[in-house]
Each structure stands twice: as C-alpha cells, then as structure tokens.
Amino acid sequence: MKALDITDLEKRYPNGVEALRSVSLEIEEGEFFGLLGPNGAGKSTLIHCTTGLAQPTGGSIEIFENDAIGHYAEARQAVGLAPQEPNIDWFLTVEETLDYHAGYFGMPRRERRERTEELLETFSLTEKKDERTRTLSGGMKRRLILARAMMHRPRLLILDEPTAGVDVELRLELWHYVQKINQEGTTILLTTHYLEEAEQLCDRIAFIAEGQIVAEGTSEALAERFDVANLEDAYLALVGRGELSRSHIEVTPEVEA
Ligand code: ADP
C-alpha cells in the first residue's frame with residue numbers, strides 16, 4: 001500500500017509565487033524517504049499541503065488511500081508531524097504537551113498516560129516532565145517535538161529538518177530512534193540539509209528545486225546518474241555547483257613532529 005501518493009500537486013500562493021509545480025511523489029508503506037532541496041525549493045510547502053496546514057491549488061494527495069485535501073480529518077490520524085519551527089504552547093509543561101496532543105487525537109486517558117511515560121523515557125525527558133516548555137533548551141525542545149509527533153502512533157511520520165542545529169549526541173540518538181521505528185513499520189518522510197544523513201538513513205531520495213521534483217532514486221542511483229561518487233556530489237551537480245565538491249578540497253599534509 002502507498003503511505004503517501006501525491007499527484008500533480010500545485011501550490012500558488014496568493015502573492016503569485018508558484019511554490020509547487022506539478023509535483024508527483026509516491027512513498028510506499030515502510031519506506032524511509034528523503035526530500036532534499038535548496039532553501040525556497042518548496043519542501044515546507046509540500047509538507048504543509050500534506051498535513052492540512054496549506055491548501056493546494058491543484059492536484060491530489062492521498063495518505064494511506066484517504067484523500068488528504070478534501071477530507072483531512074480521516075488522513076490526519078495516520079500522520080505525525082515534527083515541524084521545523086517549534087510550535088509548542090509555552091505555558092504547558094512537557095508532560096501536558098504530550099498528554100493534550102494525545103487527547104486531541106482521541107486517545108483514552110490510560111493509554112495516554114502510558115504512552116507519555118514511554119516517550120518521556122525514550123527522549124530522555126522524564127526529569128523535565130514538570131517544567132514549562134518555555135524553559136527548555138533548544139535540544140530539549142527538539143526532543144519534545146519529536147515525542148509529540150509520535151504520541152498517537154502515526155503510521156506516517158514527517159520530520160522537517162529534525163537535526164538542524166542539534167548537537168552530535170542528539171543527532172545520533174535521533175538517527176537510532178527513527179531507524180528503529182522505521183524497522184518496526186513506521187513510514188518516514190524526512191527533509192534535511194545534511195546529505196550524509198539522507199545517505200545513511202533513506203531508502204529513496206527525491207531532489208526538489210524551484211517547485212519541481214528533478215531527480216529521484218536511491219543515493220547510489222542518484223550518484224550514478226550524475227556520474228559522481230556520492231549523494232552530496234549528485235546534489236552539487238544538480239544545483240550547478242559541482243566545483244564545491246569536497247573531493248576538490250586538498251587534505252593538509254600532516255606536520256612532522
Ligand atoms: P523550502 O521549505 O524548500 O525552503 P518553501 O516551501 O518554504 O521552501 O518555499 C517555497 C517558495 O514559496 C519560496 O519561494 C517561498 O518564498 C514561497 N513561500 C513560502 N511560503 C509562502 C507564503 N505563505 N506566501 C507566499 N510565498 C510563500
């Protein structure tokens with residue numbers, strides 16, 4: 001079954017910007033899919049259209065065969081979103097944030113409590129559970145956003161630049177966690193600016209530029225298509241900046257002791 005099936009998606013903002021131009025994308029259930037592209041390419045717009053936050057001006061979106069544009073309520077249950085901008089209620093505690101979210105998704109109280117406890121533990125937030133969210137550090141906010149996205153056990157998890165600005169430990173923790181839940185069956189759509197992250201985690205990757213999908217495939221296939229050694233160089237070739245390839249950076253000879 002397809003977790004996400006986007007066909008000829010168009011989004012023109014009222015100011016005339018064509019953020020998406022006939023975008024088609026299919027993600028199979030269980031896949032770990034990466035969406036990469038430069039700033040302004042249309043990634044957030046695509047995610048917003050998929051999660052009911054923006055209204056497309058054309059095309060269709062199905063999430064597990066439910067129409068996500070006309071009947072988002074049914075599709076919503078299947079989707080968890082960890083947005084790029086932390087949209088947290090700053091007056092709630094960490095625990096309340098998770099509990100209220102699950103309540104919003106209709107989870108019974110007991111299950112909510114168990115799930116909250118489990119995710120607080122998973123994301124090392126247990127000690128912070130009674131703190132107001134506004135007092136959390138940046139890394140802790142990231143953890144909370146991810147835990148919240150997972151609360152209602154979504155079948156499709158959308159991660160919008162989850163590792164932007166996080167420290168090495170949290171980045172690796174997140175990698176381990178998302179890989180684990182993907183292996184357990186959760187479909188994942190990830191946007192990231194870190195090419196090695198996409199290379200490491202994603203089964204398949206699509207490059208988006210100026211509102212259009214311009215290439216798609218495994219990282220090996222993409223590298224092969226652009227006749228380069230890795231995904232980063234394929235990306236650079238695509239955006240016309242091949243000269244930036246790390247292979248052109250000279251290794252400094254070691255100074256003799
Ligand atoms: P990305 O997430 O890849 O950086 P976006 O989806 O945010 O790209 O933006 C795609 C294009 O749409 C950009 O040209 C951006 O300026 C424009 N855009 C995004 N949001 C709006 C909006 N609310 N109104 C008008 N234009 C927008």
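## Spaces and a ligand: a quick tour

A search of the whole structure turns up 1 cavity of 30 Å³ or more. Keep in mind that this is a predicted model. Besides that cavity, there's a ligand with Gly-40, Ser-44 and Thr-45 among its surrounding residues, and a largest pocket holding about 490 Å³ of space.

**The cavity**

- The largest cavity comes in at about 50 Å³.
- Its lining is made up of Leu-146, Leu-159, Pro-162, Thr-163, Leu-174, Trp-175, Val-178, Leu-190, Glu-197 and Leu-201.
- Sorted by class, that lining has 8 nonpolar residues, 1 polar and 1 charged.
- Helix 6 (168-183) and helix 7 (195-201) each chip in at least two lining residues, and the largest share, 3 residues, belongs to helix 6.

**The ligand and its shell**

- Around the ligand you'll find Tyr-13, Asn-15, Val-17 and Ala-19, plus the run Pro-38, Asn-39, Gly-40, Ala-41, Gly-42, Lys-43, Ser-44 and Thr-45.
- This shell counts 5 nonpolar, 6 polar and 1 charged residues.
- Helix 1 (residues 43-50) gives the largest share of the shell, with 3 residues.
- Two backbone contacts are worth a look: a backbone N or O atom of Gly-40 sits 2.7 Å from a ligand oxygen, and a polar backbone atom of Ser-44 is 2.8 Å from an oxygen atom of the ligand.
- Thr-45 uses its side chain instead, with a polar atom there lying 2.6 Å from an oxygen of the ligand.
- On its own the ligand would expose 560 Å², and the protein buries 61% of that.

**The largest pocket**

- About 490 Å³ of space lies in this pocket, and of the 23 residues lining it, Thr-51, Leu-53, Leu-81, Asn-87 and His-101 are the closest to its centre.
- Several elements each supply at least two lining residues: helix 1, helix 2 (72-76), strand 6 (79-82), helix 3 (94-104) and helix 5 (138-150).
- The lining splits into 10 nonpolar, 9 polar and 4 charged residues.

**The second largest pocket**

- This one has a volume of about 160 Å³, and of its 15 lining residues, Asn-39, Gly-40, Ala-41, Gly-42 and Lys-43 are the closest to its centre.
- Those five names should ring a bell: Asn-39, Gly-40, Ala-41, Gly-42 and Lys-43 also belong to the residues surrounding the ligand.
- Strand 2 (18-28) and helix 1 each supply at least two residues of the lining.
- By class, the lining has 3 nonpolar, 7 polar and 5 charged residues.

Technical notes
Residues numbered from 1 in each chain as written. Predicted model: local features only at pLDDT ≥ 70, side-chain atom pairs only at ≥ 80, totals over all residues. Heavy atoms only, no water. Near = heavy atom within 4 Å. Polar contact = N/O pair within 3.5 Å; in protein donor to acceptor, adjacent residues only side chain to side chain. Areas by Shrake-Rupley, 256 points an atom, 1.4 Å probe, with all protein chains shown as cover. Helix = DSSP H or I, 4+ residues; strand = E, 2+ residues; numbered from the N terminus. Nonpolar A, V, L, I, M, F, W, Y, C, P; charged D, E, K, R; others polar. 1 Å grid on protein atoms, 1.4 Å probe; cavity = no way out; pocket = protein on both sides within 12 Å on 5 of 7 lines; lining within 4 Å. Points joined across faces, edges and corners; volume = space filled by probe spheres on them.
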